[in-house]
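This briefing looks at how some of the helices pack against one another and at what lines one of the pockets. Please keep the structure open beside the text while reading.

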Amino acid sequence: MEVRVHYNPMTGPTAPNEYESVNIRPQVLSILQRLNLVDISRKGTGYARKAFASPSERGLKAGHELILKRIREHKAELEELAREYGDKLWIILYGSLWYTLNHFSLEIVLKEYGYTPPAGGGYTKKEDPILKAAKNVRVLGRYSYFDVGYIEPPENPAILMFSNFLVKTALRDDALRFFSELERYGLAIQDTERNSRGESIYDVFKAPIEVFQYFMTKTKHQANLGYYAQKFGVLYTILRVGEIYDSGVARKVYEELLQKLELSDSAVAEVLADMNKRGITSRLITDPEKAPFIILDKKGFEDYLKFSLSTIAGYFSSRG
């Protein structure tokens with residue numbers, strides 16, 4: 001991407017180099033353009049106008065061949081890496097699988113740039129990291145379970161979300177080390193992603209889909225992954241619905257989550273029954289005009305979910 005820096009809305013460009021490159025050196029971008037390996041499109045107006053570079057058809061073919069060549073060159077090291085990670089690798093691959101701009105890739109977020117309240121702006125409660133990770137799980141990268149209706153997910157959404165949760169928690173160190181190894185072999189890069197205004201959104205590790213395709217032939221998921229993914233899906237559903245104050249909206253989201261994550265009422269009812277015994281929530285409410293449950297103890301609600309999610313995550317972090 002290139003951002004406009006030498007520009008005056010009254011006079012137009014104020015220097016020969018109207019745009020400056022972001023995420024790529026200008027000399028490299030110039031070479032790619034001359035070789036017809038990238039296409040440039042410009043969007044926006046005034047200072048906000050930007051140039052976006054994306055691989056051309058020729059560029060995609062060239063990149064594909066280059067990646068396959070590097071995989072062949074480092075086949076022995078990559079096979080050793082697959083043996084070392086075992087079935088954890090399956091989770092890392094699916095937990096970092098992203099879909100964007102009509103193509104798949106592998107990505108994990110190293111840093112997220114968010115809003116920082118001004119000094120003296122009041123007390124802001126720090127969210128528990130395990131609950132935050134659960135709330136922010138995604139199917140295929142940044143997309144929530146609501147956003148994948150226009151494509152066919154490669155796995156059950158609950159398994160994709162659970163894998164993403166594990167990559168953010170129990171397997172984060174493993175995932176970072178895996179991407180660092182890929183970077184050594186020229187199969188991953190560190191990058192900064194930006195919004196339409198050119199502001200930093202994420203620092204990320206990226207790897208091409210060819211890496212996913214190669215390693216998926218070397219690994220498989222453990223037999224009980226689906227069992228734990230369903231448990232996670234139930235906890236995620238309770239967590240999400242518990243944040244909604246409007247009973248109609250809560251019921252709608254609850255029903256949608258059951259459908260998207262392929263969960264049953266009975267699975268949710270079992271957990272709510274246990275929470276009810278502890279005085280944390282009501283039992284599952286079946287009246288379609290009402291919220292699925294009522295929270296009686298907010299702190300107990302968060303503590304219960306935090307403990308349950310940590311227990312599941314701990315099972316995977318404790319495995320060799």
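In this predicted model, β8 gives the most to the lining of the second largest pocket, contributing six residues. The points below begin with that pocket and then turn to three helix pairs, two of which involve α9, while the remaining one pairs α6 with α12.

**The second largest pocket**

- The volume of the second largest pocket comes to about 690 Å³, and its lining is made up of 23 residues, among which V109, E112, K132, N136 and K168 lie nearest the centre.
- Two or more lining residues come from each of β8 (103–112), α5 (129–135) and α6 (157–168).
- Sorted by class, the lining of this pocket holds ten charged residues, eight nonpolar ones and five polar ones.

**Helix α6 against helix α12**

- Besides giving residues to the pocket lining, α6 packs with helix α12 (residues 298–317) at an angle of about 80 degrees, and the two axes are 10 Å apart.
- Because angles of 65 to 115 degrees count as roughly perpendicular, α6 and α12 are roughly perpendicular to each other.
- On the α6 side the contact is made by F162, F165 and L166, and on the α12 side by L309, I312, A313 and F316.
- The contact of α6 with α12 has seven nonpolar residues, with no polar and no charged residues.

**Helix α9 against helix α11**

- Helix α9 (residues 225–242) and helix α11 (residues 265–277) have axes that come within 9 Å of each other and cross at roughly 65 degrees, which means that α9 is roughly perpendicular to α11.
- The crossing in which α9 passes α11 is right-handed.
- From α9, the residues V234, L235 and I238 meet A267, V268, V271, L272 and M275 of α11, and by class this contact has eight nonpolar residues but no polar and no charged ones.

**Helix α9 against helix α10**

- With helix α10 (residues 247–260), α9 packs at an angle of about 160 degrees, the axes being 9 Å apart, and therefore α9 is roughly antiparallel to α10.
- The crossing of α9 past α10 is right-handed.
- Here α9 supplies Y236, T237, R240 and V241, which meet A250, V253, Y254 and L257 in α10, and the residues of this contact divide into six nonpolar, one polar and one charged.

Conventions: Residues numbered from 1 in each chain as written. Predicted model: local features only at pLDDT ≥ 70, side-chain atom pairs only at ≥ 80, totals over all residues. Heavy atoms only, no water. Axes fitted to C-alpha atoms, helices over the stretch in contact; angles between N-to-C directions. Helix = DSSP H or I, 4+ residues; strand = E, 2+ residues; numbered from the N terminus. Parallel < 35°, antiparallel > 145°, perpendicular 65-115°, else oblique. Left-handed = near helix turned anticlockwise from the far one by under 90°. Contact = heavy atoms within 4.5 Å. Nonpolar A, V, L, I, M, F, W, Y, C, P; charged D, E, K, R; others polar. 1 Å grid on protein atoms, 1.4 Å probe; cavity = no way out; pocket = protein on both sides within 12 Å on 5 of 7 lines; lining within 4 Å. Points joined across faces, edges and corners; volume = space filled by probe spheres on them.
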